[in-house]
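Colleague: Could you walk me through this one?
Modeller: Gladly; here it is.
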2 protein chains.
Amino acid sequence: MEENGYGELLALLEQGKLAELKQALNEKNPPNIAEFFEEVPQEKRLLVFRLLTKDNGADTFSYMDSDMQEDIINAITDAEMRHIMDELSMDDVVDFLGEMPANLVTRVLRNTDEATRKIINQFLNYPDDSAGSLMTIEFVQFHHDITVGKAMEQLRKTGVDKETIYNCYVVDSRRKLIGMISLRTLLLSKDETIVGDIMEEDVIYVHTLDDQEDTAALFKKYGLIALPVVDNERRLVGIITVDDIVDVIEQENTEDIEKMSALLPSEEEYLKTSVLTLAKNRIVWLLVLMVSGTLSSAIITGFESVLASSVALAAFFPILMGTGGNAGSQASTLIIRGMAVGEIAPRDVLKVVWKELRVGIIAGTALGVANFIRILIINDVSYMINFTVSFSMAITVVLAKGVGCTLPILAKKMHLDPAIMAGPLITTVVDCLALLIFFNVAKVLVL
Amino acid sequence: MEENGYGELLALLEQGKLAELKQALNEKNPPNIAEFFEEVPQEKRLLVFRLLTKDNGADTFSYMDSDMQEDIINAITDAEMRHIMDELSMDDVVDFLGEMPANLVTRVLRNTDEATRKIINQFLNYPDDSAGSLMTIEFVQFHHDITVGKAMEQLRKTGVDKETIYNCYVVDSRRKLIGMISLRTLLLSKDETIVGDIMEEDVIYVHTLDDQEDTAALFKKYGLIALPVVDNERRLVGIITVDDIVDVIEQENTEDIEKMSALLPSEEEYLKTSVLTLAKNRIVWLLVLMVSGTLSSAIITGFESVLASSVALAAFFPILMGTGGNAGSQASTLIIRGMAVGEIAPRDVLKVVWKELRVGIIAGTALGVANFIRILIINDVSYMINFTVSFSMAITVVLAKGVGCTLPILAKKMHLDPAIMAGPLITTVVDCLALLIFFNVAKVLVL
């Protein structure tokens, strides 16, 4: 059940009823306990943390945000810290250490045994967006020649500490991954069956350096709950579980959305990002777009004589460019998203352009007519000016759809990220087209 | 392992080596078999489909897109169809029927027994975005007073047909959900232990009519692989598994991205959506934005005398409005996304505005200065015009950040979808602000 508000627990804390608080607290889910800590006054957090059972303490710790984790680690003893580190799964340890200042990392590493330290260091070296950075080493592996009975016995003995026991992996004598067996299959098989005989041989896996986006795509395609990770010699080195993939999907979506709005992508939460970083992430693209926007200024300057003879034309710049930009962004958004979720491939380019051309003609005609009526009602301009604006709008919409759908595909073909060919850049391009069309039509019809 | 290209299988098909094809095909994963069908010539699909074992046939069917499913169903016998329907899990049956034409649905329903038909009809009635529409009825439930040994026996007997056996649910004598027990716990407990004594009582669940977005949020928060669904009397009626939630997350992200680009959201794949539907989904917002864009036209018309005395000013409309619009979209995008992933809440409004104000001042100053230099180099206008444009740009960027960050929060507070307060609408608002600032500064400095 979803928990909201922790009034009761806070009351127990304020009244100093620690025994009752301890019991109530330890009955909760670790994600909820971590949420409760947000409400606890800072000076009482250590006190409350020490009320948790050892297991709950470590679990709760893994759900805290990095600031809170830092506070806790700074306050507890080395022995307490060692216990938390032992209980955390390797991916959580690595996530946590990645966010900590250097002196804290040193203290943590000093307090772990050498084997673990070596693994942690190795994990910290995987690139940020790689499969290796997502994996954990708490997996179950069987030798291919043991029996189901032996495998189940091994599971019962070691299963408690594993991230998942529902997918188990089968290796040969050189630790090479050769198969997968689900706990379901084990459970439904006879004790004396040999694991190697009933395992799934067509096992899906990734390499440590594979991209996390491709890894997420495999989870989606095959509906997986876990995926093994192998090294260059196809030796099993870890697994990735679906809960971490859900985070990856959200993160990749955020990145795409940011790029589509002319932002440099950032992994930090908004409220935790410094003002300077936020400003830096935005100024870069604003400058690029400003420089490319110079072209539309130049076009207007070039047609200054047309404008001087009919200043009223200028009133229609915003609506013309606005509609064109929006029409182009719509097309580019659908194409970018379609490619991101794998529904559209670059080879579909002709199908897409043909579709957008027809959509553009329908939308352009509808908007042109609507605009003609709008101007008729609101503005006091000649029919010729009205027609110039409305006709230019219709043509602009058609071209905007064309530009909006081709640029992202072009980017993909050139191995650039299609997401940059979104609203802001499309708008800049369409602005120029809109003005060129408008002035050329005006030159013929209005002058 | 990821499969690409099905040349070998296609060769077997062309050479008519069906026995070999049958064996090779049935060793593949159903998602890959479904992918292979895309490559098979239409007239041979039925032939190939009949080579699949019954289990593989049904599984593969569930991974096909709806056009292919329709082709297959239209071609096979009633007996074959009954078998597929028996093997499919309830959520896949419902997804499939939801896409089929009425006559096909009738044929399928005619061929299922009354009990199943009743359930299917009930499922088809759950609203599109509800938890009920995502759930499946193939779950494992135990009575709270049985022993672990009995529970494991029950699992071995009925587990094959269940969507997941890794999370099992505990109910009382009136089918009320009272707890959850993982297969891991069962496996690590003694046979004579009573399930009710070791189950997790603080079980997280949703109601059939709860929103799918909230449901997905629970999966993310608690790192779940399955979630029980209950009716109004808290009776267990189904479960939702994480693979379906991954699809929901992608779908919700697509919807947000579409709304942020002034598109009516659509659940259909782009390439399968008709031109008319695509046009309709776009024209609505384009019209709304066009009408609201009328205001910026009115502003320009209102300042026509200023413009007439210095036509050169018009050349700076695009770059001023463009930069302002982009700056505003950047802010709104970050806030909309932050609220969507739960990092920003409406109560953070003051923190956000204060942050954006500072970001705006830094970005505005940087862009104003850059623009001044740009104009100095490129354009042949007076210092006063240059200063007017650059100063207006700086002020516009600050205001754009303010508008961009407050409108989405305001929308959220008014229980509207914040995603509509994105680029296109923000741009329209910022256009007006930019023009007002520009003309008023120009009136003082240029005239």
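Colleague: How do the axes of H3(A) and H5(A) cross?
Modeller: In this predicted model, the axes of helix H3 (residues 30–39) and helix H5 (residues 54–63) of chain A come within 8 Å and cross at roughly 65°, with axes being lines fitted to C-alpha atoms, for helices over the stretch in contact, and angles running from 0 to 180 degrees between N-to-C directions. That makes H3(A) roughly perpendicular to H5(A), a label covering 65 to 115 degrees.
Colleague: Which residues meet there?
Modeller: From H3(A), A:Pro30, A:Pro31, A:Ile33 and A:Ala34 meet A:Asn56, A:Asp59, A:Thr60 and A:Tyr63 of H5(A), where contact requires C-beta atoms, placed from the backbone, to lie within 7 Å. The residues of this contact divide into five nonpolar, two polar and one charged.
Colleague: Switching topic, how is chain A laid on chain B?
Modeller: A turn of 180° with a shift of 0.0 Å along the axis lays chain A on chain B with an RMSD of 0.1 Å, superposing by least squares on the C-alpha atoms of residues with pLDDT of at least 70 in both. That is the relation of a two-fold axis, and 100% of the contact residues of chain A recur in chain B.
Colleague: And what pLDDT does chain A average?
Modeller: Chain A averages 86, and 99% of its residues score at least 70, on the predictor's confidence scale from 0 to 100. Among its elements, helix H10 (residues 114–124) has the lowest mean, 78, and strand S4 (residues 206–207) the highest, 93. The model scores ipTM 0.75 and pTM 0.76.

Key
Residues are numbered from 1 along each chain as its sequence is written. Chains are lettered from A and ligands numbered from 1 in the order in which they are written. This is a predicted model: local features need pLDDT of at least 70, side-chain atom pairs count only at pLDDT 80 or more; totals for chains, interfaces and linings use all residues. Helices (H or I, at least four residues) and strands (E, at least two) are DSSP runs, numbered from the N terminus. Angles under 35 degrees count as roughly parallel, over 145 as roughly antiparallel, 65 to 115 as roughly perpendicular and the rest as oblique. Two residues are in contact if their C-beta atoms, placed from the backbone, lie within 7 Å. Ala, Val, Leu, Ile, Met, Phe, Trp, Tyr, Cys and Pro count as nonpolar, Asp, Glu, Lys and Arg as charged, and the others, Gly among them, as polar.
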